Every structure is written in C-alpha cells, then in structure tokens.
Amino acid sequence: MKESQPSTIYLKDYKVPPFLIDKTELTFDLDETTTVVTSRLHMRRNPASGKSTEPLVLDGGEDVKLIGLAMDDYALPPEEYRISEGKLIITATADEFVLTCETLIEPQNNTRLEGLYRSSSMFCTQCEAEGFRHITYYLDRPDVMSVFTTTIIADEARYPVMLSNGNQVEKGKTEEGKTFVVWHDPFPKPAYLFALVAGDLAVKNDSFVTQSEREVTLQIFTEPHNLDKVDYAMEALKRSMRWDEEAYGREYDLDIFMIVAVDDFNMGAMENKGLNIFNSSCLLASPETTTDDSYLRVEAIVAHEYFHNWSGNRVTCRDWFQLSLKEGFTVFRDQTFSADMHSEIVKRVEDVSFLRTAQFAEDAGPMSHPVRPASFIEISNFYTLTIYEKGAEIVRMVHTLLGAEKFRAGSDLYFDRHDGQAVTCDDFITAMQDSSGVDLTLFKRWYSQAGTPVVTATDEFDSASGTYRLTMKQQTPATKNQPTTLPLHIPVRVGLLDTSGKVLTSALSGSTSEEHVLHLNSSEQTFEFTGLTSKPVPSLLRGFSAPVKLHYDYSTSDLLLLMSSDTDGFNRWSAAQQIAVNELTMLINQSIAGESLSLESQLVKGFKALLSDESLDPAMVALILTLPSQAYLSELANPIHPAAIKEARQYLKTLLANALSGEFELLYNKHNIQGEYQATAEDIAHRSLKNTALSYWVETNSDQAHQATFEQFRTANNMTDQFSALSIAVHSNNAKATDMLAAFYEQWKAEPLVVNKWLMLSASQDSSDAVASVKALMEHTAFDLKNPNKVRSVLGGFGQSISGFHNEDGSGYHFLADQIILLNSRNPQIASRLCTPLTRWKKMEAKRSEKMKAELERILAQDLSKDVYEVVSKSLA
Ligand code: ARG
Ligand code: ZN
C-alpha cells in the first residue's frame with residue numbers, strides 16, 4: 001500500500017477559477033515516438049474570484065514532460081515555477097498574459113486511453129473527465145471555457161485525415177514537408193470537449209438541412225474496411241437532428257458534424273464539440289454482424305452524443321459534481337427519442353428493468369452516492385448508473401410533475417438562460433420551476449440523498465361512502481455514510497380497476513379521472529378516492545413514475561388481473577414479473593434449504609392467457625415471457641445464493657416450457673418470419689418473440705427443438721437469429737453446441753465485434769473447469785488485454801458463470817482479482833470497473849462473502865491507482 005492515500009475532493013470546497021483562458025491555441029506535432037504539443041493560452045485573472053495574488057496552478061500528469069515555458073514570450077527561469085504532484089505552479093503572474101507551454105508526450109505508450117493515445121493505426125483523444133491534463137498543462141475543469149484553435153502537423157502519407165473541433169480553416173505544408181491543418185471552434189468550451197483524430201480513414205459523407213435551412217455537412221470516419229457498416233448510424237444521426245429540433249427546438253450550430261469510430265475506447269462514446277468519438281461497438285452495424293439489441297444501442301448512443309451538443313456542450317457543468325446535469329438530462333432525451341422511434345412501452349420496460357437491476361444494486365452497495373455526489377476521489381468512478389440512469393429518472397419525474405408542455409417551456413428557459421455557461425443541477429431545477437410555477441423545493445432532495453426509497457402501500461374500502469383510502473409510507477434506508485434520510489417528493493401514477501379488469505373512474509381532491517398522479521411528499525400520507533362501489537385493485541406506480549421499490553400486498557389473482565387487463569402496458573409487464581419473483585423466491589428458499597424443488601405455478605395461467613391475446617405487440621409478449629434475470633433476483637435477495645437462484649430459474653423455466661410446449665412451438669413457427677433484415681420495431685419484435693419462444697421450447701429437451709435451433713444457427717441471414725440460436729444451444733446443452741461455437745468463430749474471425757460476442761458467450765459457459773477455460777480464452781489469438789471491449793467481453797461473460805466466477809472454492813474471485821491487479825497500472829478506469837462484482841461481497845452468503853472480501857483485501861495491499869483504490873477501499877470500509 002502507498003504511504004499516503006489519494007485525497008478526497010468535496011463539492012463544498014468549490015471555488016470559481018482564479019484564472020480564465022479566453023483563447024487556447026494548440027499545435028500538435030504528431031509522431032510515432034514523441035509528440036510535441038505547444039499551447040498558447042491567453043489568460044487573465046478571473047474578476048469573479050476577487051483574488052489578485054494567487055499563484056497559477058495548472059493541471060498536468062506524470063506522463064507529460066515540460067520542455068518549454070514562456071510568459072508573454074519571455075522564457076520562464078526555473079526559479080519562477082515548479083512542478084509538484086503533476087501540477088505546474090507559477091508563483092507570480094500579471095493580470096493578463098499569454099502562457100506558452102511546450103510538452104512532450106508519448107501517445108503510443110498511453111495504455112490508460114485518457115488524453116491522446118493510439119488505437120490501431122490512428123491517433124485519437126478522450127478528454128472527459130480529466131484527460132486533457134495528460135496532453136498539456138491546463139486549467140482542466142469544466143467551468144474554464146475557451147475558444148480553441150488547433151493545428152495538427154503530421155506526415156500526410158500516414159495520416160491523410162487530421163481532425164479537430166469546429167471548422168477546418170487552413171491547410172498547408174511545413175518547411176520540413178509535413179502537412180498541417182488548422183481547425184477553429186468558435187464556441188467556447190471546456191477542455192474535456194476537446195478532440196483530435198489523425199489517421200488513414202475512410203469517410204462517408206452526407207448532409208442535413210436544419211429547421212432554419214442551413215446545410216450541415218455530416219461525416220462518419222472509420223478504418224477503410226468498416227466503411228460498409230456506417231449507414232445505419234448516419235441515418236440515426238439525421239433522425240436525431242430532426243427530433244431535437246421538433247421535440248426541443250434545438251438546432252445544430254456548426255457547419256460540420258463529424259463522428260469517428262475507434263476500436264480502443266474505455267466507454268461508449270464521447271460528445272466532443274463537432275467531433276464525436278465512438279467506441280466502434282457503438283457505431284458500426286450491418287445485418288450479418290450486428291444484433292437487434294446492438295442496432296438499437298447504436299441509434300440510442302448516436303442520439304445521446306448528438307443531443308449533448310445542447311445538453312452538455314452549449315450548456316455545460318460547473319464542476320464534476322454536477323455531471324448528472326448533462327448526463328441525466330441527455331439520457332432522458334435519448335430514452336424519449338428511442339421511445340418515439342420504436343415502442344414507448346418496450347423502451348420503458350427495458351430501461352426500468354436495467355435500472356432496477358443494476359442501479360438499485362449500486363445504490364444499495366458501498367459505492368452508493370447521490371445523483372449529485374458530495375465528494376469523490378476519482379471522478380472517472382462516477383460515470384455511474386446513478387448519475388446516468390437515476391439522473392434520467394429525476395428528469396422524467398420533473399416531466400411527470402410539470403406535464404409535457406410546461407416541461408418544454410422549462411427546457412427552453414434553461415437553454416436560453418444558460419447558453420454558453422457552466423451551471424449546476426440547481427440551475428436546471430430552478431429553470432423548470434420558474435417557467436412552470438410548480439414548487440420543486442422539496443423535489444431537489446432527489447439530487448442530494450442516495451439510496452432507493454421504499455414505498456409501502458396499504459388500503460381500505462369504506463362501502464358506505466364509496467371511498468377507497470390508499471395509505472403510502474416512504475423510507476429511504478439509512479446507511480453508515482447517510483445515517484439520517486428524509487422523505488422525498490415522489491410522483492405516483494395510479495389507476496383503479498374493478499375485479500373484472502374494467503378501468504374505474506374516481507375522484508381525488510376534486511378531480512375525476514381514470515388516472516391520478518399522487519404527490520407523496522412526506523413519510524406517510526393517505527389519499528382518498530371517492531365515487532366507487534366496491535374495493536378496487538390498484539395499479540400503482542404506472543410507467544414506473546418514480547425510481548422506488550414499491551410494496552403492496554397483491555394477491556396472485558390481483559396480479560393476474562393486472563397482467564391481463566391493466567391499460568398501463570408497463571404495469572402488465574410489472575405484474576407478470578412480480579408473480580415470477582414470488583414463485584422464484586419460493587423455489588430459491590427450497591433450494592437453500594436443500595429441499596427438492598416443487599411448485600404449483602400460477603404463471604402458467606398468466607402465460608396461457610397472454611399467448612391467446614392476439615392484440616398484444618409481440619415485443620411486449622416477449623418481455624412478459626422473460627423471467628427475472630439472475631442479476632435482478634440477486635438484487636432482491638439478501639443474502640445472495642447464486643447457485644440457488646440459478647437452480648430456481650432453471651426449474652421454473654423448464655416447468656413453464658413443459659406446461660406450454662405446444663404453445664411455444666407454435667409461437668416459434670408463427671413468428672419465424674423470413675426475408676430481408678430490417679431493424680424496424682416490427683421486425684425486431686417478431687425476432688424477439690420467436691427467439692424467446694425457442695429458448696422455452698428447447699427446455700422441453702425435444703429433438704425437434706434442438707434441431708430447429710441448429711437449423712436457425714446454420715441458415716440465419718442476420719446476427720440476431722444466428723447468435724440467439726447459438727446462445728440457446730450453448731445454454732441448453734445442445735449436443736452440437738461445442739461444434740457450433742467453433743464454427744461461429746471460424747465464420748467470423750475477421751470481424752472483431754462479432755468475435756467479442758463469441759468471447760463473451762464462451763466465457764459465460766457454466767462448467768466445472770470454467771476458470772481454466774477463461775484462462776485459455778485470454779491466451780487465444782482473438783484476445784487482447786489492451787482492448788477494453790475484449791476485456792469486458794471475457795471478464796463480463798465470466799461474471800455470468802455461476803460455476804466459474806461464483807465457484808465455491810473462490811477460484812473465480814481470485815482469478816478476477818488477478819486481472820484487476822494486472823490492469824490497475826495499465827488502464828485504471830477499466831480495472832476499477834472490473835471491481836464491481838466483488839464490491840457486492842457484503843450481500844453474498846457467508847462462504848462466498850469471505851472469499852470475495854479476502855480478494856478485495858489482497859487488491860488493497862497493492863500500489864493502486866486512484867480509481868481502484870477508491871472503489872476497493874470504500875467497499876471494505
Ligand atoms: N460523456 C460521455 C457520454 O456520456 C462519457 C464519457 C466518459 N468517459 C470517461 N472516460 N469517463 O457519452
Ligand atoms: Zn453522455
């Protein structure tokens with residue numbers, strides 16, 4: 001362990017920057033061995049800071065070598081500056097000056113993938129959150145906004161494409177015969193939005209005419225062999241640009257918008273001004289190589305990054321504690337966009353399912369933090385589900401509380417009021433409040449309080465007066481870091497049904513309607529619905545109107561009623577999930593007690609009714625048929641018994657498959673549509689239902705089902721069907737599974753993104769020697785430790801293997817810890833993410849819990865990056 005541990009940064013310590021940088025002029029002399037960066041920063045003291053003597057402290061990194069420093073063109077002598085812990089400190093400055101700084105960096109040795117680095121044959125950057133300081137010394141904080149002019153010098157033969165933010169304004173030859181290009185971005189921006197790309201890239205050109213009839217050039221750059229996979233992203237980009245005009249009145253502002261795909265990237269994509277950089281897995285798509293899920297992901301991420309141009313770039317964050325200001329809002333925007341492009345309910349079910357599984361688990365674990373954290377050690381650790389997904393839920397609740405029209409007015413006011421500024425989450429809520437007149441004072445607590453609120457509902461019916469009383473209590477669990485928790489303002493959308501499933505109209509505080517939004521804003525409240533003749537069945541939290549855990553003592557027949565008759569599609573799904581959770585919980589308990597499993601399943605009834613309802617969207621049917629995942633059941637359990645959960649799921653799935661085998665076979669054949677692949681909601685729905693049906697049908701272990709799986713694998717004209725068949729074969733012990741996996745690799749070994757899917761599936765296999773198999777996979781030529789996608793595929797897949805990762809002897813945990821230690825020094829961000837499954841140790845059953853904890857302790861004894869140190873030390877605290 002290090003002598004001194006990394007320090008914590010607090011929101012309460014925020015101070016305005018002592019200096020401003022009006023203009024930033026950068027010159028990059030790119031080279032395979034050493035790259036020289038020259039910056040000319042036009043700086044002045046910040047009048048708002050009120051201090052006139054503070055030294056100038058610029059952020060840098062150990063990997064940046066200072067080779068020249070001048071103020072107003074006078075070289076600074078060594079006694080006038082020093083470098084300490086990566087920072088450059090200049091003791092005395094004028095009120096206004098130009099600082100010239102020359103640094104030497106080695107992008108080819110940058111394995112952290114932050115700052116300037118190489119991916120395949122190109123140079124590229126990732127500066128959010130604090131990558132820019134690995135390029136040159138700077139005030140690397142989002143409230144320092146500057147106008148950038150960037151000159152790139154390189155050998156044109158190897159780097160014919162040289163890109164940066166804004167517009168290209170000049171191109172020429174240097175005296176040494178190298179090529180230079182100059183880019184200018186007229187919009188002031190923080191350094192985290194800076195980007196540079198240089199390489200031998202192919203381009204797809206297109207254009208878009210904005211609502212005010214300006215023509216914008218659109219370009220997507222990839223390595224030449226991938227150019228045939230960018231058409232879908234280009235169309236998605238144009239849809240996003242149109243949608244942002246129509247839904248939010250936001251028009252694009254530069255004359256050119258560029259996207260570049262790179263293979264080595266820590267996250268999904270990055271919204272750099274005018275020059276988005278994407279992980280190729282989030283941009284490239286073709287029917288043969290890309291599944292439906294990935295198509296939808298490409299569209300959503302293209303939209304997300306594009307939408308950031310307003311929610312993030314034109315209006316940015318004051319400090320990184322405000323990260324959800326741009327991320328929560330932008331996720332909400334991309335979710336709404338996808339809902340508009342496809343199906344609103346399907347999208348909502350998928351998003352909620354993800355939130356309830358992964359964000360709820362995060363919020364109940366050691367890294368739990370408010371949507372606006374109060375402190376952090378390493379900001380990279382806070383690109384979390386809480387900031388993104390729970391942040392989006394907060395914005396969605398504002399939308400519910402204000403209604404669509406007032407929400408739009410609030411958004412207009414926000415963009416108008418803060419254009420060109422770096423602001424806070426409070427500013428966002430204030431704009432929403434000012435434009436609508438809706439009091440959001442209490443609501444703001446959602447930003448500062450961590451944890452998932454538990455809402456408990458009870459009810460009674462007074463037949464004499466026809467009054468239905470619904471009492472709701474809320475409680476956010478207290479934790480060591482948050483010993484007192486307070487009530488939140490929770491919007492609860494509610495409808496009432498009679499016992500035949502008919503929708504009821506009721507009056508609540510003077511308004512008569514089929515649906516009401518309850519404002520639960522204290523620890524206990526009773527709501528009185530009048531005008532009823534018998535006790536209704538409540539449909540609570542429709543559309544998942546707030547990110548809470550809702551408890552209401554539904555009988556199974558109530559749930560079956562909601563599942564078949566609720567007018568809220570989301571709650572039909574939710575009711576089916578609840579029946580499944582109840583039945584699975586019984587089975588899990590039997591398994592833990594060492595009993596043989598047995599169950600009189602009511603879900604069979606529900607599924608029968610569901611399958612006979614012709615009016616439903618096949619995509620919804622597929623979702624309702626999908627049993628709660630291992631991960632979701634783990635989130636609900638305490639303690640977690642991974643093997644029992646697996647056994648219970650398997651038991652219920654087989655039971656349902658046998659009870660409804662004829663139905664599943666029919667369903668499979670009915671939705672097995674052929675024809676040219678299209679990534680439309682309709683076709684995706686059919687494929688999804690077909691493959692869900694197949695996954696049940698094979699559980700009957702019929703030869704026909706196994707044969708159908710094999711045939712689908714062999715003859716599919718698209719990756720969705722081929723990969724579904726392969727996964728089903730692998731997880732159902734199809735006799736041909738091993739051969740199919742091998743054939744799949746042979747067929748696709750030249751397509752890295754497909755190979756990643758193969759790596760993931762191979763690593764997820766349950767077998768007694770899963771640890772040995774995953775080690776072998778990491779030796780395979782298809783694997784590369786430098787590539788985050790491959791690391792995520794193999795170790796992510798391995799995490800799903802119960803006999804592998806969760807092997808009782810602890811070998812899976814030990815293996816993962818080894819990989820974390822190995823990656824800690826090479827790529828701290830990736831290493832830190834890999835810790836997540838181990839951080840859940842406190843919720844794990846005793847045997848496994850101790851072994852996980854021991855591995856965390858072993859990691860903590862190493863010399864750690866800030867990233868890994870923060871996660872591991874907080875997990876053990
Ligand atoms: N702002 C990016 C997005 O949401 C995420 C980039 C974060 N990258 C990082 N290395 N922390 O699209
Ligand atoms: Zn984002």
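Which helix is Glu 405 found in? Select residues 404–418: that is helix 6, and Glu 405 is found there. Helices here are DSSP runs of H or I with at least four residues, strands are E runs of at least two, and both are numbered from the N terminus. Before going on, keep in mind that this is a predicted model, where local features need pLDDT of at least 70, side-chain atom pairs count only at pLDDT 80 or more, and totals for chains, interfaces and linings use all residues. Residues are numbered from 1 along each chain as its sequence is written, and chains are lettered from A and ligands numbered from 1 in the order in which they are written.

Stay on Glu 405 for a moment. Glu 405 counts as exposed because it has 9 C-beta neighbours inside 10 Å. The scale: with C-beta atoms placed from the backbone, 20 or more others within 10 Å of a residue's own makes it buried, 12 or fewer exposed, and anything in between partly exposed. Now add Leu 559, which is 154 residues away in sequence and 34 Å away in space, C-alpha to C-alpha.

**Strands 2, 3 and 9**

Select 35–45, strand 3, and show side chains. Thr 35, Val 37, Ser 39, Leu 41, Met 43 and Arg 45 point to one face and are buried. Val 36, Thr 38, Arg 40, His 42 and Arg 44 point to the other face and are not buried.

Next, bring in strand 2 (19–29), which runs antiparallel to strand 3 and is joined to it by 10 bridges. Two strands pair if DSSP finds at least two bridges between them. A hairpin of five residues links strand 2 to strand 3, and Leu 20 sits opposite Arg 44. Then add strand 9 (96–105), also antiparallel to strand 3 over 10 bridges; look for Arg 40 opposite Thr 100.

**Around ligand 1**

Centre on ligand 1. Of the 14 residues around ligand 1, the nearest are Glu 128, Asn 266, Met 267, Ser 380 and Tyr 383. A residue is near a molecule if its C-beta atom, placed from the backbone, lies within 6 Å of it. Colour the shell by type and you get five nonpolar, five polar and four charged residues. Here Ala, Val, Leu, Ile, Met, Phe, Trp, Tyr, Cys and Pro count as nonpolar, Asp, Glu, Lys and Arg as charged, and the others, Gly among them, as polar. Strand 20 (269–270) and helix 2 (292–307) each supply at least two residues of that shell.

**Helix 4**

Pick 344–363 and look along helix 4: there is a kink of about 30° centred on Leu 355. The bend at a residue is the angle between axes fitted to the seven residues ending there and the seven starting there. Helix 4 is mostly covered, with 14 of its 20 residues buried.

**The later spans**

Select 451–553, which UniProt (unreviewed entry) lists as "domain: Peptidase M1 alanyl aminopeptidase Ig-like fold". This span is 0% helix and 52% strand. For the six-stranded open sheet, follow the order 30-29-32-26-25-34, with mixed pairing. Strand 30 (511–513) and strand 34 (549–552) are the edges, each pairing on one side only. Strand 29 (506–508) pairs antiparallel with strand 30 over three bridges, and Ala 507 faces Thr 512 across that pair.

Last stop: 557–877, annotated in the unreviewed UniProt entry as "domain: Peptidase M1 alanyl aminopeptidase C-terminal". UniProt positions follow the numbering used here, feature names are shortened, and annotations may be inferred rather than shown by experiment. Residues 557–877 are 72% helix and 0% strand, with end C-alpha atoms 45 Å apart.
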